[in-house]
2 protein chains.
Amino acid sequence: MHEADTQTIFRFFTEVGIINQLSRALLEARLPSDLTATHFGVIGHLSRRPEGETPLQLATAFQVPKTTMTHMIKVLQRHGLVDVAPNAADGRSKLVVATGAGAAFLGQKIQELQPDIAKAIDEIGVDAFASLLPGLENIRMKLDAARD
Amino acid sequence: MHEADTQTIFRFFTEVGIINQLSRALLEARLPSDLTATHFGVIGHLSRRPEGETPLQLATAFQVPKTTMTHMIKVLQRHGLVDVAPNAADGRSKLVVATGAGAAFLGQKIQELQPDIAKAIDEIGVDAFASLLPGLENIRMKLDAARD
DNA sequence: CTTTAATAGTGCGATATCGAACTATATATA
DNA sequence: TATATATAGTTCGATATCGCACTATTAAAG
């Protein structure tokens, strides 16, 4: 184990952490004050899965405890962005689906973000993002697989 | 504005978010339950700045509101990992410095993380991390500069 | 079929986050 | 210098997070 390698790994995760916080802040500035980037991610996730997902699946996908997801779903429901129905396949479980309002909300917010995205592309370049994607996906998958 | 470009940007930030959460979870599993990755980051930050930093500098560096930093400092103090002293240069302000115990704690936790780091290097390779670093730093700096 | 173990979701309580309002000190302006 | 404005930090209150313990339901073992 080389000291320099440890340094590299720490710096990598530090950069990732800062970029994550900056992008979250950017997104959350466009959202109602009680909706976080995670709420937004949940709507996006559900809009790609019309059949819906269970609260536990959502909790796993977003790496939060299931009690936290229970609470987040309540907030999304209060905004009318998701519906919760019993799960016919499993009486213990439920199914969360995006409402029409949820899909509309998602589309509208993405529209509102277009100027920011355009600015990022203008100043940084799509290639700067695109060229990093495969490497990030690789690291993400291996980290995920390494969870015991 | 091309649809594909927007997709690329969204996927980039999504990957960054997931990697951040996975790495935080990995680190926090090694920390006392009331210390977060941010607390750990603060000690690391201070250990590189023996002259100390003000609470506001720390809040800015870690992108949290100053009230949150007030609270985090209290927790670190309770653990004896930092000291808080009046700031001779500015009576409104304070200086937070890492204690010997704080430095020792940092070193010990980094030691404890070595097996995880070794595993990551083994399975993913240092180059996979190192090769992404310049691109990430570039994006981080430009995003940071773009904050109005 | 009955009993046991596992799983999905929720209520509760302790703590964390963070905005608003406040106090103390410092800087700028008249 | 006197006054006004700005800044550092804290207190307080509303809400979020998340572990623990609990209920309801399903799956597994006998």
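I began by settling my terms: a residue counts as near a strand if its C-beta atom, placed from the backbone, lies within 6 Å of that strand, and I sorted residues by class, with Ala, Val, Leu, Ile, Met, Phe, Trp, Tyr, Cys and Pro as nonpolar, Asp, Glu, Lys and Arg as charged, and the others, Gly among them, as polar. I also noted that this is a predicted model.

**Entry: DNA strand D.** With those terms I looked up the surface near DNA strand D, and by class I found 6 nonpolar, 9 polar and 6 charged residues there. In total 21 residues surround this strand, and G91(A), T54(B), L56(B), T70(B) and S93(B) are the closest of them. I then asked which elements supply at least two residues each, and noted α4 of chain A along with α3 (55–61) and α4 of chain B; α4(A) gives the most, with 5 residues.

**Entry: DNA strand C.** I turned next to DNA strand C, which has 21 residues around it, with T54(A), L56(A), R92(A), S93(A) and G91(B) coming nearest. Two or more residues of this surface come from each of α3 (55–61) and α4 (66–78) of chain A and α4 (66–78) of chain B, and the largest share, 5 residues, belongs to α4(B). When I sorted the surface near DNA strand C by class, I recorded 6 nonpolar, 9 polar and 6 charged residues.

**Entry: the contact between the chains.** I looked up where chain A and chain B touch, and found that the contact takes 44 residues from chain B and 44 residues from chain A. On the side of chain B that touches chain A, at least two residues come from each of α1 (3–28), α5 (100–123), α6 (126–130) and α7 (133–145), with α1(B) giving the most, 17 residues. By class, I noted 24 nonpolar, 11 polar and 9 charged residues on that side of chain B.

**Entry: how the copies are related.** I found that a turn of 180 degrees, with a shift of 0.0 Å along the axis, lays chain B on chain A with an RMSD of 0.1 Å. The two copies are therefore related as by a two-fold rotation axis, and the same surface serves both, since 100% of the contact residues of chain B recur in chain A.

**Entry: chain A by itself.** Last, I looked up chain A, whose secondary structure comes to 7 helices and 2 strands, running α-α-α-α-β-β-α-α-α from the N terminus on. I noted that its C-alpha atoms fill a box of roughly 55 × 40 × 25 Å along the principal axes, and that buried residues make up 23% of the 148 residues in chain A.

Definitions and conventions
Residues numbered from 1 in each chain as written. Chains lettered and ligands numbered in written order. Predicted model: local features only at pLDDT ≥ 70, side-chain atom pairs only at ≥ 80, totals over all residues. Contact = placed C-beta atoms within 7 Å. Helix = DSSP H or I, 4+ residues; strand = E, 2+ residues; numbered from the N terminus. Least-squares fit on C-alpha atoms with pLDDT ≥ 70 in both. Buried ≥ 20, exposed ≤ 12 C-beta atoms within 10 Å, placed from the backbone.
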